[in-house]
Structure formats: C-alpha cells, structure tokens
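Me: I am new to this structure. Please show it to me, and then let me ask how its descriptions are justified.

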Amino acid sequence: MGHGARRRDAYFGKTLRNSPSGTRLARSQALTTYVLFLELRHKVEIHQMTGRVVECQIDEMNRPRGAKDAQLRIPPTVPEVGALFTGWGGELATCRKFAPTARNYTASKLSQVGLRVSEACKLDLADIKWDLGRFGKLHVRHGKGARGSGPRARMVPLINGADRTLRWFIEDVWGQFDDDHTRPGAPLFPSERKNADGSSRRVGDDALRGGLKGAAKAHLPGWGERLTPHVLRHFCASQLYESGLDLLAIQEVLGHSWIATTMRYVHVQQTRVEDAWVAGTERAAKRLEGLIR
C-alpha cells in the first residue's frame, strides 16, 4: 500500500470518523475531482517533473459509503406565504407580547433576502448599511460556522421590501427592548433577557424558529411543522429566479459556495413537456383540418 493511500485511510478512518456522512462524502468527492483535474490537465508534466504518475488513492476500500442527496424541500406558494405574513401581521395588533412577536415576524420576513436564521441572530444594528445601493444592504459577517462550510461574509441588498420591514422594526419596535441604538455591538434582534449592564442580549435561533412555527400553525395550518426558516430560504431563491435574477446573483444573495447548491434551492413551474404537448396537438389539429377540407 502506498504512502498516499495510507494517509487517506487515516484521514477518512480516523480524522473524519465522527463527522457527518455528508462531510465525509463531500471531502471524498473534492479529492477525487482534484486528482481527476490533475490527471486530465497535467499528467504528462507531473510525470516529467517527478517521475510519478498521477493516480487517485481513493479507491473502493477507503471511499466513504452511502449517498448524500439533498432533501427535496418544495416551498409554499406565493399566496400561501402572503397569507402567512398577512395573518401574522394582523396578529401584532392584539398579541399579548408585541415586541417579541414583532421581532420574530421581522426576522422571518428577512427570508425575502435569503438569510439563514443563524445569520439573522448574529446581525448588529450597525450591520445595516442604509447608504449602500438603492435599498440599503446588510453586512452578513457570520455564516454556518465551524461545523458547516465556514462563514460566508457578504453584502445582501434589502430587496423585496426588506428595507421597509427593517425600518419599521427599528423605529417602532427595537426601542421596546433597548434604549441605546448607538451602543457598539447592539444586536439587531434583541432578546427579552438582559445583560448585567441592563442592555438586551442577542436573541437565540430557537426563539425565532419557535416564532415561525407558532405563526405557521395559526395562519398556515396546512404547513404546520413543515415550514421552517430553511424552507423560506428555498422560497426566496425560487421567487428571485421567477423574478428574473440569474443563478449567480441568487448564489451571492444566499451565500452559497457552489452554484450547484443554489440550483437545488430553485423550484419553479417547469412546463416544457406540457407546452410541447399542447403545441404538438395544435399542429396535429391543423393538419387534420386540412385533410377534412
């Protein structure tokens, strides 16, 4: 067994032993693709320089087992999401805890710009850059974290009415949590809990997830447990695509590393087969008319 194969056995068998299956499979595929690139493009040069032939050391013995297909998450329709936020917005006038409900509502509305719930929790007031672009932008400094693919810092434009929603929240709601908008590190979405100095803590993602879950049960009962912040990210991607944004722009908004990931987020009404069938029947009908005459 070559030294390269031993190192790969140790990497997949020890280093990644307790990692999620998707991580092991992704690393395996990345190494395989890299070696394939070297073999296709630089095999001769590497042999001339080193006397060695490029060969992938990931074989059937050390290749991680299993398959990792992305879960298919078909998002709600536009009328369904509209009904959710219309009902939720109406609830703000009569709910028992206005400020937390309005906070959860606003954070979920940021699905319009594709934020992860973990990213929304870590936003500061200072991360809103009102003077950038036509609508203002959010400076997203935190991504999925160490257990995911790493942070995806980016500037997200406040499109789809997200600018109006944020202005309303900051002007009419935020002050009910905290009275110091200028405090360095003041969170955009505060918690009801306080720090030792009396300032508000940062909300946790459980509170935002729970808020969306409760609103879905009340205003979109057909979805119940199925509507999550991640499903709303799929909804955002689909609507941006339907509105004319190309995949590269949507990839930038969502903070994906790979365009292939973005493609799995886009769910549109594909009618090519139906359109071809209708066109074919119309042509056949016209030919039949000609024969009858």
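Reply: Here are short questions and answers on helix packing, the core and the cysteines. Keep in mind that this is a predicted model.

Me: Why is helix 3 called roughly perpendicular to helix 7?

Reply: Helix 3 (residues 78-91) and helix 7 (residues 205-219) pack at an angle of about 100°. Angles of 65 to 115 degrees count as roughly perpendicular, so helix 3 earns that label against helix 7. Their axes are 9 Å apart.

Me: Which residues make the contact?

Reply: Helix 3 brings Ala83, Leu84, Gly87, Trp88 and Glu91. Helix 7 brings Gly211, Leu212, Ala215, Ala216 and His219. By class, six are nonpolar, three polar and one charged.

Me: What makes up the largest nonpolar core?

Reply: The largest nonpolar core has 52 residues. Those with the most contacts inside it are Leu110, Leu115, Leu138, Leu188, Phe189 and Leu227. Several elements each supply at least two residues, among them helix 3, helix 7 and strand 2 (137-140). Helix 8 gives the most, with six residues.

Me: What does Leu138 touch, leaving aside its neighbours within four places in sequence?

Reply: Its contacts include Leu110, Leu115, Ile128, Met155 and Leu166. Asp127 and Arg154 are also in contact with Leu138.

Me: Why does Cys95 count as buried?

Reply: Buried means under 20% relative accessible area. Cys95 has 18% relative accessibility, so Cys95 counts as buried. Cys236 has 3%, so Cys236 counts as buried too.

Me: How many disulfides are there?

Reply: A disulfide needs a pair of cysteine sulfur atoms within 2.5 Å. By this rule the count is zero.

Definitions and conventions
Residues numbered from 1 in each chain as written. Predicted model: local features only at pLDDT ≥ 70, side-chain atom pairs only at ≥ 80, totals over all residues. Heavy atoms only, no water. Axes fitted to C-alpha atoms, helices over the stretch in contact; angles between N-to-C directions. Helix = DSSP H or I, 4+ residues; strand = E, 2+ residues; numbered from the N terminus. Parallel < 35°, antiparallel > 145°, perpendicular 65-115°, else oblique. Contact = heavy atoms within 4.5 Å. Nonpolar A, V, L, I, M, F, W, Y, C, P; charged D, E, K, R; others polar. Core = buried A, V, L, I, M, F, W, Y, C linked by side-chain atoms within 4.5 Å. Buried < 20%, exposed > 50% of the residue type's maximum accessible area, 1.4 Å probe, protein only.
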